[in-house]
Amino acid sequence: MANGRGARAAVWENFKNNPLFDISTEHPTTYYEDMQRAIFCLCPLGWAPWSPRLVEAVVFGCIPVIIADDIVLPFADAIPWEEIGVFVAEEDVPKLDTILTSIPPEVILRKQRLLANPSMKRAMLFPQPALPGDAFHQILNGLARKLPHQKSIYLKPGEKILNWTAGPVGDLKPW
C-alpha cells in the first residue's frame, strides 16, 4: 500500500463487519467516548505523513495501532512510541485481528499504564498559557536541537530540555 487511502481502505475492507472492530466512515457523536473505552485505536496513515488519530489515541489513553510504514513520529523525547504503541506493517493489515488478539494482557497493561502518565497527554496538547512539557515545548525543544551549536550553549548542566515558559508571563500569550 503506497498511500494512506490504501491503508485505511484495507482496514475497512477487512474489518468493517468484524465485531472486534468498531470502525465507521462517519464521525459518530460518541467518537471520543468510544476511544476512551477502547483498548486499541487504529491509526492508519493519513493523507499527510501522520494522522490526528495519534494525538487522539494518546490523549484518551488508547493504545495507538500505528499502520504507517515510513512514519516519523512526533515528540519522541516525551512519547516513547515503541513502548506505548503497536506497529503494524501496511501489508499486514489483513492479519490485524490476529496481531492484536495475540498481544499478552501484561503487555497491554504495561502500555496502558504508560499512557495513563499525565506527561503523555500534556506532550500532545497546546494549553493556554503554555506549560512545561506541553506540545509547544516539544516543538521548541526539537527546533533547539537543530541549532548549529553545542548543547551547552542553550542547556544548563543536567537539563535535557529547556523550560520555554521561564520568561515573562506576557511571552506565554500567543498574541
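In this tour, a residue is called buried when its relative accessible area is under 20%, exposed when that area is over 50%, and partly exposed in between, with a 1.4 Å probe and protein chains only. The structure is a predicted model, in which local features need pLDDT of at least 70 and side-chain atom pairs count only at pLDDT 80 or more, while totals for chains, interfaces and linings use all residues. Residues are numbered from 1 along each chain as its sequence is written, and side-chain values use heavy atoms, with hydrogens and water left out.

**The whole protein**

Begin with the entire chain in a cartoon view. The protein has nine helices and three strands; helices (H or I, at least four residues) and strands (E, at least two) are DSSP runs, numbered from the N terminus. Along the sequence, their order is α-α-β-α-β-α-β-α-α-α-α-α.

Next, display the surface. About 11,000 Å² of the protein is exposed, and 58% of this area is supplied by carbon and sulfur atoms; accessible areas come from the Shrake-Rupley method with a 1.4 Å probe, and for residues only the protein chains shown count as cover. Of the 175 residues, 37% are buried. Among contacts (heavy atoms within 4.5 Å) with a separation of 6 or more, 50% are between residues 24 or more positions apart.

**The cysteines**

Select C41 and C62. Which residues does the disulfide join? It links C41 to C62, with an S to S distance of 2.1 Å; a disulfide is a pair of cysteine sulfur atoms within 2.5 Å. C41 belongs to strand β1 (residues 40–44) and C62 to the loop between α3 (52–59) and β2 (63–67), so the pair ties together parts that are 21 residues apart in sequence. The torsion about the S-S bond is about 110 degrees, and the disulfide is therefore right-handed. Both ends are buried: C41 has a relative accessible area of 6%, and C62 has 0%. A search of the whole structure finds one disulfide.

Now add C43 to the selection. Why does C43 not form a bond with C41? The closest cysteine sulfur to that of C43 is in C41, at 6.5 Å, which is too far for a bond. C43 is also buried, with a relative accessible area of 3%.

**The largest pocket**

Select D22, I23, S24, C41 and L42. The largest pocket has a volume of about 1,100 Å³, and these five are the closest to its centre among the 27 residues that line it. On a 1 Å grid over the protein atoms alone, a pocket is an open set of points where a 1.4 Å probe fits, with protein on both sides within 12 Å along at least five of seven lines; lining residues have an atom within 4 Å of a point. Grid points are joined across faces, edges and corners, and the volume is the space filled by probe spheres set on the points. The elements that give two or more residues to the lining are α1, α2, β1 and α5 (96–101). Of these, β1 gives the most, with four residues.

**Three loops**

Move to N18, in the loop between α1 (4–15) and α2 (31–37). N18 is buried, at 18% relative accessibility. A polar atom of its side chain lies 2.8 Å from the backbone nitrogen of L20.

Then select F75, in the loop between β2 and α4 (81–84). F75 is not a glycine, yet its phi is positive, at about 55 degrees.

Finish at P129, in the loop between α7 (118–124) and α8 (135–145). Q128 and P129 are joined by a cis peptide bond, with omega about -5 degrees.

Terms used. A polar contact is a pair of N or O atoms within 3.5 Å; within protein, one must be able to donate a hydrogen and the other to accept it, and residues adjacent in sequence count only if both atoms are side-chain atoms.
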